[in-house]
Amino acid sequence: MKITNYLFVLTLLANISIYTNSAASLNFTTEEFNFISSENKNLNGLVSRPADKDAKSIAIIVHSYGATNVVAADQFRDFRAKLTSQGITVVVWDKPGCGKSEGEFDINQSVQSSSEEILSALAVLRKTNEPGSDKIGLYGGSRAGWIAPLAINKDPDIKFWISVSGTTTYDNWGYLLRSNLEIAGYNPDKINDIYNSWTDQNRLFWAGASYKNYLKVSETFWQDETVQKLTGQTYAKHEPGSVEYEKNRKLYHSNREKWLDGGYIFDYEEGLIVSVPNFDNILKSV
């Protein structure tokens with residue numbers, strides 16, 4: 001079986017260079033926005049403002065999972081137009097290593113690190129007296145559901161939070177898996193077999209089981225056609241001792257070391273990673 005990433009078993013300057021609008025009818029202006037993160041990296045993004053009036057508040061877009069291309073692809077354009085039409089400035093930036101943002105892109109960037117980026121951006125907006133900076137809030141979906149409350153707990157002056165498809169304390173790939181199997185028309189027993197194969201392989205992975213035992217319990221999961229489409233992985237069974245088998249065995253162990261070194265907490269009963277410890281109490285404090 002080919003395993004390229006364990007991810008599936010389980011992210012003070014304001015530059016005033018003008019970012020061109022291709023449709024003046026959208027009635028907002030956009031400039032590049034730069035700030036220095038807590039890791040001393042220059043992060044590059046956009047600030048879109050109402051064209052005909054000062055903003056009454058600012059919404060920061062908090063990214064979900066995956067790489068970004070905010071500036072070059074003019075991402076979130078329609079959404080920025082909608083908010084600026086209501087008198088709300090919008091700020092969004094590329095993740096480290098994406099676009100012109102410094103650093104190396106890490107698809108598994110911790111949510112704690114992402115929340116620190118928000119705090120650094122907030123400091124710039126307030127220091128430069130950006131119109132609306134007395135009423136700054138956060139907007140984001142999925143993974144942002146972990147990041148936003150972490151930032152709010154560190155900065156209670158954040159005025160609002162809009163959460164789309166928010167999260168629980170656990171990694172939500174299991175929810176994604178079940179949902180897609182249901183959409184594909186699988187019966188409940190088949191869904192449970194595939195899901196249990198996935199959580200069982202998670203338990204073996206975190207317990208340090210051999211690659212051989214890991215493969216044995218994971219076959220039901222990885223052989224499934226919908227899973228392969230969802231993960232972008234193809235299933236190939238290699239004979240023990242073959243070049244391909246040994247390559248994947250080494251990758252399995254190196255990935256395990258990487259995740260253990262990342263400080264993650266694993267719930268063996270649920271078979272899921274705890275993305276944010278004590279998350280329920282963090283939510284209650286918002």
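**Two cores and a pocket**

The chain holds ten helices and nine strands. This is a predicted model, and its C-alpha trace spans about 65 × 40 × 40 Å along the principal axes. Buried residues account for 47% of the 286 residues in the chain. As for the outside, the accessible surface adds up to about 14100 Å², with 50% of that belonging to carbon and sulfur atoms.

Now for the inside. In soluble globular proteins, nonpolar side chains tend to be buried together. Here, the largest nonpolar core has 28 residues, and those with the most contacts inside it are Phe33, Ile60, Val91, Trp93, Ile118 and Leu138. Quite a few elements chip in two or more residues: the strands β2 (28–36), β3 (42–50), β4 (57–62), β5 (88–93) and β6 (136–141), along with the helices α3 (111–127), α4 (144–154) and α10 (279–284). The most comes from α4, which gives seven residues. Leaving aside residues up to four places away in sequence, Phe33 touches Leu43, Asn44, Gly45, Leu46, Val47, Val91, Ala121, Val124 and Leu125. There is also a second, separate core of 22 residues, with Phe205, Phe221, Trp222 and Tyr245 among them.

Then there is the second largest pocket, with a volume of about 200 Å³. Eleven residues line this pocket, and Lys212, Leu215, Glu219, Lys237 and Tyr245 are the closest to its centre. Helix α7 (residues 211–223) supplies the largest share of the lining, four residues. By type, the lining is a mix of five nonpolar, one polar and five charged residues. Tyr245 turns up twice in this picture, in the second core and in the pocket lining.

Technical notes. Residues numbered from 1 in each chain as written. Predicted model: local features only at pLDDT ≥ 70, side-chain atom pairs only at ≥ 80, totals over all residues. Heavy atoms only, no water. 1 Å grid on protein atoms, 1.4 Å probe; cavity = no way out; pocket = protein on both sides within 12 Å on 5 of 7 lines; lining within 4 Å. Points joined across faces, edges and corners; volume = space filled by probe spheres on them. Nonpolar A, V, L, I, M, F, W, Y, C, P; charged D, E, K, R; others polar. Core = buried A, V, L, I, M, F, W, Y, C linked by side-chain atoms within 4.5 Å. Buried < 20%, exposed > 50% of the residue type's maximum accessible area, 1.4 Å probe, protein only. Contact = heavy atoms within 4.5 Å. Areas by Shrake-Rupley, 256 points an atom, 1.4 Å probe, with all protein chains shown as cover.
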